[in-house]
Amino acid sequence: SFEEAKNKRQRARAAGMNPNYWYAVEYDATVKPGQITPVTFWKQEIALFRTEAGVLGAVENRCAHRHLPLTMGEVKGQCIACPYHGWHYDGSGRLAKIPHELFGHEMPKVRIRSFPVKVRYGLIWVFPGDPELAELRHIPDIPLLEGPGRYACVPIDMTWRAHHSMILENVCDFSHEWLHRKTKPFENARLVKVETVEDKVLMSYDCKVAMGDFSQHFIDREATNTDHMQLGFEYPYQWSNTGGTIRHWMLSLPIDERTTRCFFLFHFASFVVPFTRVKIPRALVEPIIRAANKVLFTPLLGEDGWALEAEQRAWEESWDQPAPELNPVVHQMQELSIRKWEEHLATRKERRRGRAEGAPTSGEVAAAG
């Protein structure tokens, strides 16, 4: 457990993710009107649904009556209905209707937990923490993914049997270049800067970017500096930037201690016709990215996934064995992950004490301020 962990690595591997942030949980196009989709944030099961009028809702996946999963039920009008007795809940989690007789009782004044939900970048985002803090936190601003001049992007996701800290370290630690010696997303990496600024770990590498047999021919190397990459872990999100024209964001969804779903938003200013500097028309860039997702990014991420799942299995078998870590990037990312989880635990403890004493919670104070 986190409390029993004896060193930084153990604490990082035991930490969850602070729920007081917005997390991408599903593609917007996946949840159709009248549909229910199960999602999970750190062992909290959530029933994500879209009403028949097209309004999204997110509630805990539990009927207050007999506790059946609401994802087994159905959408009825503006509510989600339990499959057992048909108890209806609206998007706020309020019990709105019971279709059977009440046997002389008044309508129970019960409510299940609901979660703030938004749509941005073609993804559905849920705020699994204190709802009073939802408007104080922001979905990351990625201006290059919005507006008429936006970069081309086709999100792709992977679910791996690995702790989220392992995945975040993987995408920022370029010393694993050996793993990608066939696909060559980067070569000859050398760390030139790393620093922690508040809730961010910022770093940069000198390296040769996009050197794969397929990708290298679509990059305009005269217009883009592909010899340097900047990266950031802006808790809980991760991004990279090569020359201002090749970028990506990774949005982690921690499911449990050994399962993480990640959404990757690779986006590009443009491509060129191979062996020329002629730019490919904007209308054709997204189809190229769709093809690249299949022939380039899926195999590339598959290499990471294979290694990460092997690392997870090895961790479970030998968590108490020494593991010397050389890259300072990993150390700083672990320290940030630990600190943010400690902040959450402290806030949760404060809220419990406040409820016991009848005092205002930190969320109430923040909302009032």
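**Reading a predicted model: reasons behind the labels**

Analyst: Leaving aside residues up to four places away in sequence, Lys340 touches Asn18, Tyr21, Asp199 and Tyr235. These contacts belong to a predicted model.

User: What makes Lys340 count as buried?

Analyst: The relative accessibility of Lys340 is 1%. The label buried requires a value under 20%, so Lys340 qualifies.

User: Where is Lys340 found?

Analyst: Lys340 is part of helix α4, which covers residues 328-357.

User: How do you know that the span of α4 is close to the expected one?

Analyst: Helix α4 has 30 residues, and its first and last C-alpha atoms are 43 Å apart. The expectation, at 1.5 Å a residue, is 44 Å. The two values are close.

User: What is found at the start of α4, and what just after α4?

Analyst: At the start, a side-chain oxygen of Asn327 comes to within 2.9 Å of the backbone nitrogen of Val329. A polar contact needs an N or O pair within 3.5 Å, so this pair satisfies the distance limit. Just after the helix, Gly358 has a positive phi of about 75°.

User: Why is no disulfide assigned to Cys79?

Analyst: The closest cysteine sulfur to that of Cys79 belongs to Cys63, at 12 Å. A disulfide requires two cysteine sulfur atoms within 2.5 Å, so the sulfur of Cys63 is too far for a bond. The case of Cys172 is argued in like manner: its closest cysteine sulfur, in Cys262, is 12 Å away, which is too far for a bond. By this rule, the count of disulfides is zero.

User: Are Cys79 and Cys172 buried or exposed?

Analyst: Cys79 has a relative accessibility of 12% and counts as buried. Cys172, with a relative accessible area of 0%, is buried as well.

User: What makes both faces of strand β10 covered?

Analyst: Strand β10 comprises residues 123-126. In a regular strand the side chains alternate between the two faces of the sheet. Leu123 and Trp125 lie on one side of β10, Ile124 and Val126 on the other, and all are buried. Both faces are therefore covered.

User: How do you know that β10 pairs with β9 and with β1?

Analyst: Two strands pair if there are at least two bridges between them. Strand β9, residues 117-120, shares four bridges with β10 in the antiparallel sense; among the bridge partners are Val119 and Ile124. Strand β1, residues 23-27, is also joined to β10 by four bridges and runs antiparallel to it; here Tyr23 has Val126 as its bridge partner. Strands β9 and β10 form a hairpin with two residues between them.

User: What makes the phi of Lys43 and of Asn188 worth noting?

Analyst: Most residues other than glycine have a negative phi. Lys43 is not a glycine, yet its phi is positive, about 75°. Lys43 lies in the loop between β2 and β3. Asn188, also not a glycine, has a positive phi of about 55° and is found in strand β13.

User: Why is Lys43 called partly exposed, and Asn188 exposed?

Analyst: The exposed label needs over 50%, buried needs under 20%, and partly exposed lies in between. Lys43 has 48% and is therefore partly exposed. Asn188 has 59% and is therefore exposed.

User: How do you know that the peptide bond from Tyr235 to Pro236 is cis?

Analyst: The omega of this bond is near 0°. Pro236 is placed in the loop between β15 and β16.

Methods: Residues are numbered from 1 along each chain as its sequence is written. This is a predicted model: local features need pLDDT of at least 70, side-chain atom pairs count only at pLDDT 80 or more; totals for chains, interfaces and linings use all residues. Side-chain values use heavy atoms; hydrogens and water are left out. Buried means under 20% relative accessible area, exposed over 50%, partly exposed in between (1.4 Å probe, protein chains only). Contact means heavy atoms within 4.5 Å. The expected span of a helix is 1.5 Å times one less than its number of residues. A polar contact is a pair of N or O atoms within 3.5 Å; within protein, one must be able to donate a hydrogen and the other to accept it, and residues adjacent in sequence count only if both atoms are side-chain atoms.
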